[in-house]
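This report considers one protein chain through its salt bridges, a helix and its nonpolar cores. The sequence and the structure are shown below.

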Amino acid sequence: MIKKAVEIALNEQINAEFKSAYLYLSMSAYFQSAGLSGCANWMRVQYQEELAHATRFFDYVNERGGRVTLAPFSEVQVEFSGIVDVFENTLVHEQVVTGMINKLMDISIQESDHATKSFLQWFVDEQVEEEANVGQILNNLTLIKGEGQGLLMLDREMQSRVYVNPFSPKA
Ligand code: FEO
């Protein structure tokens, strides 16, 4: 049976992952309204990934005989001052999520919950990749100064991102 402290932290993570999904869907809507359909696609894929993360945590709590309790989340940001603002917000958000995953890992270690430690390792690695991806996009935006022909090319490149369920056997 899962320890209470771990169960609470896992439920907080489910909330954070769903909140991430909602935020990225909001960013997708912003990009769509700004005429950047490639960036809108990129954020929509991001939204789908976050739903997969939330659902994986959800399933894990159940697998361990814990109780999932879904909590409300606060209002999501809907307005941004431009593409750089969106990706800066994304990076800050992912850094917060990384901090939560690390704290969850700390709790699992304190509680000697080896199964949760093992489960979390995928998410620890995933956060490194997520932060690196967003950091790369921000670097590209700095190079093209977030505008002009460069922005059109970046938007086209963002269109090619395709969602793959990270937990499907083939992924
Ligand atoms: Fe589920 Fe972007 O971390």
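## Salt bridges

A residue is called buried when its relative accessible area is under 20%, exposed when that value is over 50%, and partly exposed in between. Asp-113 has a relative accessibility of 7% and therefore counts as buried. The model discussed here is a predicted one.

Asp-113 forms a salt bridge with Arg-64, and the closest N and O atoms of the pair are 3.1 Å apart. Because Asp-113 lies in the loop between α3 and α4 and Arg-64 in the loop between α2 and α3, this pair ties together parts that are 49 residues apart in sequence. Arg-64, at 22% relative accessibility, counts as partly exposed. In general, side chains of opposite charge can pair when their charged atoms come close.

The structure holds 5 salt bridges. One of them joins Arg-161 to Glu-49, with the closest N and O atoms 3.4 Å apart. This pair links distant parts of the chain, since Arg-161 belongs to the segment after α5 and Glu-49 to helix α2, 112 residues apart. Glu-49 has a relative accessibility of 15% and so counts as buried. Another salt bridge is formed by the side chains of Arg-56 and Glu-63, at 3.5 Å from N to O. Arg-56 counts as partly exposed, with 22% relative accessibility, whereas Glu-63 counts as exposed, with 55%.

## Helix α4

Helix α4 comprises 30 residues, from 114 to 143. At 1.5 Å a residue it should span 44 Å, and its end C-alpha atoms are 44 Å apart, so the expected span and the model agree. The helix nevertheless contains a kink of about 30°, centred on Leu-120. After α4 comes Lys-145, whose phi is positive, near 60°.

Which residues of α4 are buried? They are Thr-116, Phe-119, Leu-120, Phe-123, Glu-126, Gln-127, Glu-130, Val-134, Ile-137, Leu-138 and Leu-141. The elements that cover these buried residues include α1 (4–33), α2 (37–63), α3 (83–110) and α5 (148–158).

## Nonpolar cores

In soluble globular proteins, nonpolar side chains tend to be buried together. The largest nonpolar core in this model has 23 residues, and those with the most contacts inside it are Phe-31, Met-43, Ile-83, Phe-87 and Leu-141. Each of α1, α2, α3, α4 and α5 supplies at least two residues of this core. The greatest contribution to this core comes from α1, with 5 residues.

Leu-141 is both a buried residue of α4 and one of the residues with the most contacts inside the largest core. Residues up to four places away in sequence aside, Leu-141 touches Ile-83, Val-84, Phe-87, Gly-146, Leu-151 and Leu-154. A second, separate core has 17 residues, among them Val-6, Phe-57, Ile-101 and Leu-104.

## Surroundings of Leu-10

Leu-10 is placed in helix α1. Its relative accessibility is 0%, which means that Leu-10 counts as buried. Not counting residues up to four places away in sequence, Leu-10 touches Ile-2, Phe-57, Tyr-60, Val-61 and Leu-104. Of these contacts, Phe-57 and Leu-104 are included in the second core.

Leu-10 and Ala-54 are 44 residues apart in sequence, while their C-alpha atoms are 9.9 Å apart in space.

Note on methods
Residues numbered from 1 in each chain as written. Predicted model: local features only at pLDDT ≥ 70, side-chain atom pairs only at ≥ 80, totals over all residues. Heavy atoms only, no water. Helix = DSSP H or I, 4+ residues; strand = E, 2+ residues; numbered from the N terminus. Expected span 1.5 Å × (residues − 1). Bend = angle between axes of the 7 residues up to and from the residue. Buried < 20%, exposed > 50% of the residue type's maximum accessible area, 1.4 Å probe, protein only. Contact = heavy atoms within 4.5 Å. Core = buried A, V, L, I, M, F, W, Y, C linked by side-chain atoms within 4.5 Å. Salt bridge = Lys/Arg side-chain N within 4 Å of Asp/Glu carboxyl O.
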